[in-house]
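Subject: Structure for your review

Dear colleague,

Please find below the structure that I am handing over to you. My notes on what was found in it follow directly after.

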Amino acid sequence: MLDMLPYSTDNKGHVYCPYCCRKFVNRYNLKVHVRDKHEDNSMDLDCQVCGKTMRNQSCLRVHMYHHRKQRLEEAGII
């Protein structure tokens with residue numbers, strides 16, 4: 001997937017998304033970004049807390065982290 005995409009780098013080794021020009025510190029982070037934001041093979045998973053639809057399991061996992069963090073903040077734990 002990413003190996004076939006043309007991507008540019010800067011003098012610090014950062015890589016740029018060929019679709020939206022967002023900057024990443026390495027190719028792995030770019031690969032995850034392209035998979036989560038630009039690929040069309042979505043699963044459409046719904047959040048059981050708020051009902052928002054996520055593109056894949058990785059996006060849902062990050063989304064659920066934010067719900068957990070918000071609950072901890074409301075409880076005064078963090």
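Of the 78 residues of the protein chain, 23% count as buried. Please bear in mind that this is a predicted model.

Overall form

The protein chain holds 2 helices and 5 strands, and from the N terminus on its elements follow the order β-β-β-α-β-β-α. Its radius of gyration is 16 Å, well over the 12 Å that the globule rule gives for 78 residues, so the chain is more spread out than a compact globule. Taken along the principal axes, the box filled by the C-alpha atoms is roughly 45 × 30 × 15 Å. As for contacts in the protein chain with a separation of 6 or more, 10% are accounted for by residues 24 or more positions apart.

Annotation

The unreviewed UniProt entry carries the annotation "domain: C2H2-type", which covers residues 15-43 and 45-72. In the model, the span of residues 45-72 is 57% helix and 14% strand, and its end C-alpha atoms lie 24 Å apart.

The largest pocket

Which residues line the largest pocket? They are Arg 22, Phe 24, Val 32, His 33, Asp 36, Lys 37, Ser 58, Cys 59 and Val 62. Two elements, α1 (27-38) and α2 (57-74), give two or more residues each to this lining. The largest share, 4 residues, comes from α1. Sorted by class, the lining has 4 nonpolar, 2 polar and 3 charged residues. The space in the largest pocket comes to about 220 Å³.

His 33

One residue of the pocket lining, His 33, deserves a separate note. His 33 lies in helix α1. Is this residue buried or exposed? With a relative accessible area of 8%, His 33 falls under the 20% cut-off and is therefore buried. Leaving aside its neighbours within four places in sequence, His 33 is in contact with Cys 17, Cys 20, Arg 22, Phe 24 and His 38. Among these partners, Arg 22 and Phe 24 also belong to the lining of the largest pocket.

In short, the predicted model shows a chain more spread out than a compact globule, with a largest pocket of about 220 Å³ whose lining includes the buried His 33.

With kind regards

Key
Residues are numbered from 1 along each chain as its sequence is written. This is a predicted model: local features need pLDDT of at least 70, side-chain atom pairs count only at pLDDT 80 or more; totals for chains, interfaces and linings use all residues. Side-chain values use heavy atoms; hydrogens and water are left out. On a 1 Å grid over the protein atoms alone, a cavity is a set of points where a 1.4 Å probe fits but cannot get out, and a pocket is an open set with protein on both sides within 12 Å along at least five of seven lines; lining residues have an atom within 4 Å of a point. Grid points are joined across faces, edges and corners, and a volume is the space filled by probe spheres set on the points. Ala, Val, Leu, Ile, Met, Phe, Trp, Tyr, Cys and Pro count as nonpolar, Asp, Glu, Lys and Arg as charged, and the others, Gly among them, as polar. UniProt positions are given in the numbering used here, feature names are shortened, and annotations may be inferred rather than shown by experiment. The radius of gyration is taken over C-alpha atoms; the globule rule is 2.2 Å times the number of residues to the power 0.38. Buried means under 20% relative accessible area, exposed over 50%, partly exposed in between (1.4 Å probe, protein chains only). Contact means heavy atoms within 4.5 Å.
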